[in-house]
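Work through the exercises below with the sequence and the model side by side. Each task is followed by a solution in steps.

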Amino acid sequence: MSAEEQKNLKTNDSDQQESGISRRYFLAGTACLSAAAAVSLSPLLNAEEVPSGDDFIQKHYKELTTEDKKEIFARLEAQIKEKYDVDATISDPPPIDGVEFAYVLNLGRCIGCRKCVYACMDENNQSRSPQKQYIRVLKMKKGTINLESASHDYPEKEAESDDFFYMPVACQQCREPKCIEVCPVKATWQEKDGIVVVDYNWCIGCRYCEAACPYHARRFNFAKPQIPAQDINPDMGYLSNRPRYMGVMEKCTFCLHKTRRGEYPACMEVCPTGSRKFGNLRDPKSEVRIIIEQERVFVLKQEVGTLPKFYYTFAK
Amino acid sequence: MGNKEKKTFFAEGEFWKKVLLPGAVILILIFLFMGDSKPNIPDPVPLKQKWYKPETARGEILKNTVMPGNCFICHSLQVPDPNVIRPQFAHGTIKLDHGANNRCYNCHHIYDRDNLAGDGETKISFATPEKLCARCHGIIVKDWMEGTHGLRQGGWLVKDGQSPVNYTCTQCHDPHSPKFKYGIAAPAPTWPDKTIRKDRHSDDDPTSAYLTDSNQERF
């Protein structure tokens, strides 16, 4: 075949058997595909949350240097400023050496008023709609600890009843956390002071940890978390209470942005009955240590072997 | 000519490539992405302050701390009776419900209105009521001093120049009726059904009634 004949074949529209696809059909197909792509991707234009490029290439928390963290915190603060018009400060206090946090809750005193639940929501910037709460207060009949028959959505008028006791359950900060074992991307881990944390920028939202937790302590953001701007708590920790994204897991962190500075967690400070006690397990003079030594304490679901650092007691 | 055009449209395999395949792709993409992606979520509502503001249990503390007027206008006229049980006259609003401890002057100093009664003739200031309470409730007061009883705020790590906020007995307990009363409770959670189980789907749901019935003994 001569070069001229080849040229003729290419330019001849009607003869397609050898050239495969004609210019007309190629253009039509491309137009169809691009129209389809545009139509199908158009919801992305008003997507609820699209990560920025820097968000996308951010490394795992443990691989970040101090400069990286400074940059990331500044970027997150700018995002919060843009979204809520709040001047937030994101901090990342490191674990204190020789400190292991523990919690003791005196069920003999808890009246089930749920103030801890809402203080936690207020402190930790939890989504107001749809509602996210770390603490569930279980109402149980006196005489038995039967989690199956417990009720966690009793109306407020049923609080402070003499026939029932109330058992607030949040993350138990286990020594053998099952949730971190199942994470396929290592987005959740245990810190040196025993607090189990989540890197919200690394979590892929597979919810394995939620299924693995025997206490139902983890919460998943199915929808975009919504908080009114005046309710934002500007004192934020990178691993604790900064605003979360849609599609990530979150959990109680013992308010580590407060407790690692020596303060008490929010749920403890608000409890009107003083049934919550928080402190350093390794300090022999701390409140938790005194109670654990003097009172009969128990942990929830001891048989599953998670060795929680959240103790319950029925002290006077 | 017509025969040729027909051939181009419906050559073997060409029909799939040019008509059905793009059409299927378009349909699949539309079904994937154009669904009703926005769930029906109500707008966020700010939390009420009374649900999360720290406060001690005894909101009425101010009612009893200050009595209007001068104590001695009345008390100088009357010879104090150590056996007086019911709070009288100006103190009529006080309901004394402190168990066996039912004498005013067990705790109040019989001659000095500004102080509480210590051992013998000694006086205890109103600023340190725990010393009075310790005369009967020594173990609890010891727990309180160690921090294991009562509400404490501030911090677990006591830094230099700081001290934890330790509430005294009468800031939570009414000394005239010390059984703990609070009365402020926050509402039940309103989680979406799909994220967490609800106990009470309705009041007449038999499963729910069985699980939450308080009269049933279930082990």
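Two strands pair if DSSP finds at least two bridges between them. Helices (H or I, at least four residues) and strands (E, at least two) are DSSP runs, numbered from the N terminus. The model is predicted: local features need pLDDT of at least 70 and side-chain atom pairs count only at pLDDT 80 or more, while totals for chains, interfaces and linings use all residues. Residues are numbered from 1 along each chain as its sequence is written, and chains are lettered from A and ligands numbered from 1 in the order in which they are written.

**Exercise 1. A strand pair**

Task: Describe how β3(A) and β4(A) pair, and state how β4(A) is covered.

Solution.
Step 1. The two strands, β3(A) and β4(A), are antiparallel and share six bridges. One of the partnerships puts M140(A) with F165(A) in β4(A).
Step 2. A residue is buried if 20 or more other C-beta atoms lie within 10 Å of its own, exposed if 12 or fewer, and partly exposed in between, with C-beta atoms placed from the backbone. On this count six of the six residues of β4(A) are buried, and the strand is mostly covered.
Step 3. From β4(A), F164(A), Y166(A) and P168(A) point one way, and F165(A), M167(A) and V169(A) point the other way.

**Exercise 2. An open sheet**

Task: Find the order of the strands in the four-stranded open sheet of chain A, and explain what is left at its edges.

Solution.
Step 1. The order is β10-β2-β12-β11 in chain A, and the pairing is mixed.
Step 2. β10 and β11 of chain A stand at the edges with a single partner strand each, so one side of each has no neighbour in the sheet.
Step 3. β2(A), residues 101-106, pairs with β12(A) in the parallel sense over four bridges. Here N106(A) stands opposite T313(A).
Step 4. β11(A), residues 297-298, runs antiparallel to β12(A), and two bridges join them. V297(A) stands opposite T313(A), and F298(A) has Y312(A) as its bridge partner.
Step 5. In β12(A), F310(A) and Y312(A) point one way while Y311(A) and T313(A) point the other, and all are buried.

**Exercise 3. An enclosed helix**

Task: Is α5(A) largely enclosed by the rest of the structure or left open, and what covers its buried residues?

Solution.
Step 1. Nine of the nine residues of α5(A) are buried, so the helix is largely enclosed by the rest of the structure.
Step 2. Among these buried residues are K115(A), C116(A), D122(A) and E123(A).
Step 3. Two residues are in contact if their C-beta atoms, placed from the backbone, lie within 7 Å. The cover of the buried residues of α5(A) includes β3, β4, α9 and β10 of chain A, together with α3 (49-52) of chain B.
Step 4. Just after the helix α5(A), N125(A) takes a positive phi of about 50 degrees.

**Exercise 4. Where the chains meet**

Task: How many residues does each chain give to the contact, and which element of chain A gives the largest share?

Solution.
Step 1. Chain A gives 63 residues and chain B gives 57 residues.
Step 2. On the side of chain A, the elements that give two or more residues are α2 (23-41), α5 (115-123), α9 (266-270), β10 (276-280) and α10 (287-294). The largest share, eight residues, comes from α2(A).
Step 3. Ala, Val, Leu, Ile, Met, Phe, Trp, Tyr, Cys and Pro count as nonpolar, Asp, Glu, Lys and Arg as charged, and the others, Gly among them, as polar. The side of chain A that touches chain B then divides into 29 nonpolar, 20 polar and 14 charged residues.

**Exercise 5. One residue of chain B**

Task: Place A185(B) in its chain, and decide whether A185(B) is buried or exposed.

Solution.
Step 1. A185(B) lies in the loop between α9 (169-172) and α10 (206-212) of chain B.
Step 2. A185(B) has 20 C-beta neighbours inside 10 Å and therefore counts as buried.
Step 3. Leaving aside neighbours within four places in sequence, A185(B) is in contact with C113(A), R114(A), E156(A), A159(A) and E160(A).
Step 4. Y52(B) is 133 residues away along the chain from A185(B), and their C-alpha atoms are separated by 10.0 Å.
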